[in-house]
Amino acid sequence: MSSTRRKTVAFVGVSFLVGAASVYAVTAVNRFAGSEKISAVDSPWSTPEGITLQPLGKAQGTDLGKQTAARLPRDEVAYADVRGMTLYTYDLDKPGQLACLDECTQTFPPAIAPANPDLFGEWSVVQRPDGSSQWAYKDKPLYTYVKDIDPGSVAGNSPLVTGARRKNGLGVMVGGGVRGGGIGPIEKNELPEHWQAALLYPRSDTPMPSSLGIKEVLDAAALALVDHHGHTLYAFYGDTKQKGWEDLRLWQPMPAPQLAEPIGDFSIIRRSDGINQWAWKGKGLYSYVYDQAPGDAEGENVDGSWHVAALVRHFMPSTVSIQATPGLGKMLATADGITLYKRDGFIHQSGGGYSLRRGAPIRPAVGREIGTNARCDAECRKVWQPYAAPEDAQPQGYWHVATHADGSKQWTYHGYALWTYAGD
């Protein structure tokens with residue numbers, strides 16, 4: 001088998017099947033990868049080290065039905081532990097007073113934080129009676145649920161039951177049905193009273209204008225502001241005193257109604273051209289004319305001063321960047337601009353997304369099942385190399401660490417192991 005057709009480009013949100021020699025990676029300045037933050041756009045990470053992110057339910061990509069295989073709804077993204085198990089909060093927990101103790105923790109084990117964790121934003125820890133530290137988000141302690149056995153599970157409902165027959169986290173065979181046809185209605189469990197999944201998205205606790213929204217923009221590795229069409233919004237972080245900084249042919253001010261009132265972090269700029277413009281944290285909001293669809297972030301880092309209006313940015317290793325490419329959009333690359341790849345994630349039957357505009361949708365469960373076994377023989381391994389993770393690397397956000405039999409570690413992103421190609 002030809003080694004040049006065994007991998008797909010590791011896109012930020014999607015992937016395309018390519019021959020290795022056909023990829024053209026454009027080196028671009030990365031503004032959101034690595035541990036050093038850019039002060040002008042200093043949005044906090046979405047998660048601290050040891051806290052990961054998982055899309056819930058069918059968004060894991062195990063269902064091979066035609067509709068869900070081609071278009072996976074990322075309706076909910078949950079905070080999770082290092083295993084990918086969903087985290088939960090308990091309504092009866094109060095500041096300084098834990099309500100889930102003793103027998104309760106047998107069903108909802110506390111999410112234990114490491115010693116001296118790196119805390120920022122709305123992340124904190126609380127001390128439990130036994131002296132251990134427990135992760136907390138927005139002052140709510142976090143727990144796992146013993147009935148969750150697979151990443152992407154919620155309330156004990158595993159996404160694996162909607163796909164082909166396979167073993168779940170307990171080694172039990174689940175799923176089934178005709179490929180491409182789903183398996184019919186499945187009875188769902190409900191969470192006990194007062195328990196809630198801790199969600200990154202959707203976000204309903206941010207006061208904002210009705211014409212704006214919050215969406216994941218994976219092309220910018222961020223949870224960001226969007227307009228009423230779902231298109232990404234940007235702010236200018238350069239010198240506004242510099243003549244010509246605002247080119248209205250490229251950047252369109254986000255209009256505010258004449259009778260609009262400030263709300264939360266949002267204010268209104270009365271522009272000299274007569275447009276009332278929404279501003280966020282004092283900076284005017286704009287859309288970018290070359291963003292063709294929701295999820296695009298072509299305006300990120302234009303002229304080094306325009307950046308996505310991000311509430312939080314997802315962690316990326318310091319050795320990884322997001323690169324812009326002609327025709328193929330944004331892809332993952334090393335800090336030096338060398339393209340990263342993953343095994344082919346397409347389903348060639350059942351409408352698997354092969355012809356979608358941005359390629360196949362993310363299917364984390366498929367990536368985990370492929371693992372680091374790329375079915376790559378000795379000749380293949382001469383050109384395909386695992387993208388190594390440091391010995392002390394820890395899961396964070398959408399990034400996990402796979403350990404090989406020899407103890408070496410490899411980065412994985414959205415469940416897929418990452419590789420480099422010697423011909424690039």
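Y88 counts as buried in this predicted model, at 0% relative accessibility, and F108 is buried as well, with a relative accessible area of 3%. The two rings form an aromatic pair that is edge-to-face, with 6.2 Å from centre to centre and 75 degrees between the planes. Because Y88 lies in strand β5 while F108 belongs to the loop between α2 (104–107) and β6 (123–127), the pair ties together parts that are 20 residues apart in sequence.

A second edge-to-face pair is made by Y143 and W195, whose rings are 5.1 Å apart centre to centre, with 85 degrees between their planes. Here Y143 lies in the loop between β8 (140–141) and β9 (166–167) and W195 lies in strand β11 (residues 195–197), so this pair ties together parts that are 52 residues apart in sequence. Both Y143 and W195 are buried. These are two examples from a structure that holds 27 aromatic pairs. Elsewhere, Y234, F236, W245, W251, Y286, Y288, Y290 and W306 form one aromatic cluster. An aromatic ring can also be met by a charge, as with Y416, where the charged end of K342 sits over the ring at 4.0 Å from its centre.

**Around strand β5**

Strand β5 (residues 88–90) also contains T89, which is buried, with a relative accessible area of 11%. Which residues does T89 touch, not counting those up to four places away in sequence? They are K140, P141, L142, H194, W195, Q196 and A198. W195, which appears in this list, is the residue that pairs with Y143.

**Disulfides**

A search of the whole structure finds two disulfides, and with the bonded cysteines counted along the chain they follow the pattern 1-2, 3-4. The table sets out the two links.

| Cysteines | S to S distance | Torsion about the S-S bond |
|---|---|---|
| C100 and C104 | 2.0 Å | -100 degrees |
| C376 and C380 | 1.8 Å | about -95 degrees |

The link of C100 and C104 is left-handed, and the disulfide of C376 and C380 is left-handed too, as follows from its torsion of about -95 degrees. As for burial, C100 counts as buried at 0% relative accessibility. In the other link, C376 counts as buried at 10% relative accessibility, and C380 is buried with a relative accessible area of 5%.

**A sheet of three strands**

Strands of a sheet pair through backbone hydrogen bonds, either parallel or antiparallel. In this model, an open sheet of three strands has the order β17-β18-β19, and the pairing is antiparallel. Why do β17 and β19 each have one side without a neighbour in the sheet? Both β17 (266–270) and β19 (283–284) stand at the edges, each with a single partner strand, so one side of each is left without a neighbour there. The antiparallel pairing of β17 with strand β18 (residues 276–280) runs over five bridges, and S267 stands opposite A279 in β18.

**Nonpolar cores**

In soluble globular proteins, nonpolar side chains tend to be buried together. The largest nonpolar core of this model has 50 residues, and those with the most contacts inside it are Y79, L225, W278, L285, L332 and W399. Taking L225 as an example, and leaving aside its neighbours within four places in sequence, this residue is in contact with M208, G213, I214, H231, T232, L233, F266, W280, L285, A309 and L311. L285, one of these contacts, is itself among the residues with the most contacts inside the core. A second, separate core of 14 residues includes V217, A224, Y234 and V302. Y234 is also a member of the aromatic cluster described above.

**An exposed loop residue**

Is D392 buried or exposed? With a relative accessible area of 60%, D392 is exposed. D392 lies in the loop between β27 (384–386) and β28 (399–403). Although D392 and K409 are 17 residues apart in sequence, their C-alpha atoms are 9.3 Å apart in space.

Conventions
Residues numbered from 1 in each chain as written. Predicted model: local features only at pLDDT ≥ 70, side-chain atom pairs only at ≥ 80, totals over all residues. Heavy atoms only, no water. Pairing = 2+ DSSP bridges. Helix = DSSP H or I, 4+ residues; strand = E, 2+ residues; numbered from the N terminus. Core = buried A, V, L, I, M, F, W, Y, C linked by side-chain atoms within 4.5 Å. Buried < 20%, exposed > 50% of the residue type's maximum accessible area, 1.4 Å probe, protein only. Contact = heavy atoms within 4.5 Å. Disulfide = S-S within 2.5 Å. Phe/Tyr/Trp six-rings, centres within 6.5 Å; stacked < 30°, edge-to-face > 60°. Lys NZ or Arg CZ within 6 Å of the ring centre and 35° of its normal.
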